[in-house]
Amino acid sequence: MQENNKVLLGMSGGTDSSVAALLLQDAGYEVTGVTFRFYEKGNNTEYLDDARELCERLHISHITYDARNEFRERIISYFINEYMTGRTPVPCTLCNNYLKWPLLKKLADEKGIYHFATGHYVQKRNIDGYWHITTGTDADKDQSFFLWGLPQDILQRMLLPMGKLTKNKVREIAAERGFLKAAHKRDSLGVCFCPMDYRSFLKEHVKKELIMPGNFYDESGNCLGKHEGYPFYTIGQRRGLGIYLNKALFVKQIIPQTNSIILSDQLCSLRQTEMYLTDWHVTNPSALFETTDEIIVKIRYRKQANRCTVIPTPDGQLHIKLHEPLTSIAAGQAAAFYRDDVVLGGGIICSSL
Ligand SMILES: Nc1ncnc2c1ncn2[C@@H]1O[C@H](COP(=O)(O)OP(=O)(O)OP(=O)(O)O)[C@@H](O)[C@H]1O
């Protein structure tokens, strides 16, 4: 498509995408807002009204797109299945890779709109002819960890108005411009369809008989007590185990077949130095596989960065050799590669040792 000055902006009704609309309009773009209906807890559609109202005030057109079926099939079912197979899912990463950005592109293509945008706190940069995601200036809000899976035809056309801003600045802009509701909206916390509490979500959505109490064992096979059902636990978990010995215990292994969980009192026994990834995406393979530069791998959104070497295997996986051990690696989690502030790619952990 020929480049033009039109942009389709994903609008959640929240602070960031509202300010993104203001800034894109200030920059001279013809903005259209789209709100995806992904999931509506208790049929609450206030976010749709907020997005619509903001667009009216800015005199920009607004559309809604009902993605609830796609979201249920691709994200919620996946999320439940992952926990039910003893893995730790990454719904936000998958939603960005498979739904949010591809939908923005599809709708923009249909409407003859060249650019698409969100309120993500990330930037992009062209390196050696390849567009890369880079970290947002606000280190506390940086969302680059979730965006390793996007292809070039999306990266090239995306606009990221939050990239150089801090959240405080964004709130200030909303308030100065008189968008007080947007300025004072609370930050979203965790996974949008079950913020901070995936256990209750699983209880609501999974047949009772599929999540049954089982046993905790130590590494020698001695029973340590009862747990509430293996899907309620994740590798490395320490709190909320419900057993009280005079020492800290960590989830080391989850065995769905026998509904058992192995605990260890040695955090160092959860240390591993190798991972294998499936479903990976690498922006520029030679920048990752044929380099002597320091590559960083992150498996958590915050406060973790390990040096590594990345090698493609003959059967299509990525073999990650960690230069320093990492604790609590869970199958299903995402791993993202960085060189300095640049996201080089990522994938989904299928095994570790
Ligand atoms: N339901 C939705 N429809 C359209 N775009 C969305 C929707 N939800 C999120 N987005 C886009 O993805 C961006 C990142 O979403 P996320 O939920 O991580 O952010 P957020 O910090 O809560 O952002 P916001 O303050 O804009 O709600 C949003 O800024 C917005 O541009």
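**Note on the predicted complex: sheet, ligand shell and domain contact**

1. In this predicted model, strands β2 and β3 are paired in the parallel sense, and six bridges join them. Within this part of the structure, Gly-33 is the residue opposite His-62 of β3.

2. The β2/β3 pair belongs to an open sheet of five strands, ordered β3-β2-β1-β4-β7, with parallel pairing. The edge positions are taken by β3 (61–66) and β7 (158–159); each has a single partner strand, so one side of each has no neighbour in the sheet.

3. Helix α1 packs on this sheet and touches β1 (6–10), β2, β4 (115–117) and β7. The direction of α1 makes an angle of about 170° with that of β1. A further helix, α4 (residues 91–111), lies across β1, β2, β3 and β4. Relative to β1, α4 runs at about 145°.

4. Which residues come nearest to the ligand? Of the 16 residues around the ligand, these are Gly-10, Gly-14, Asp-16, Thr-118 and Gly-119. Two elements, α1 (15–26) and β2 (30–37), give two or more residues each to the shell. Both also appear in the description of the sheet: β2 as one of its strands, and α1 as a helix packed on it.

5. How does the shell around the ligand divide by class? There are 10 polar residues, four nonpolar and two charged. For anyone setting up calculations on the ligand site, the names in point 4 and this division are the relevant entries.

6. The domain assignment splits the protein into domain 1 (6–183), domain 2 (212–265) and domain 3 (271–352). Between domain 1 and domain 3, the C-alpha centres are 26 Å apart. The contact involves 19 residues of domain 1 and 17 residues of domain 3.

7. On the side of domain 1 that touches domain 3, β5 (122–127) and β6 (130–135) each supply at least two residues. Which element gives the most to that side? It is β6, with five residues. By class, the residues on this side of domain 1 are eight nonpolar, seven polar and four charged.

8. On confidence, the average pLDDT of the protein is 94, and 100% of the residues score at least 70. For the complex, the predictor gives an ipTM of 0.96 and a pTM of 0.94.

Methods: Residues numbered from 1 in each chain as written. Predicted model: local features only at pLDDT ≥ 70, side-chain atom pairs only at ≥ 80, totals over all residues. Near = placed C-beta within 6 Å. Helix = DSSP H or I, 4+ residues; strand = E, 2+ residues; numbered from the N terminus. Nonpolar A, V, L, I, M, F, W, Y, C, P; charged D, E, K, R; others polar. Pairing = 2+ DSSP bridges. Contact = placed C-beta atoms within 7 Å. Axes fitted to C-alpha atoms, helices over the stretch in contact; angles between N-to-C directions. pLDDT = per-residue confidence, 0-100. Domains from an automatic or database assignment.
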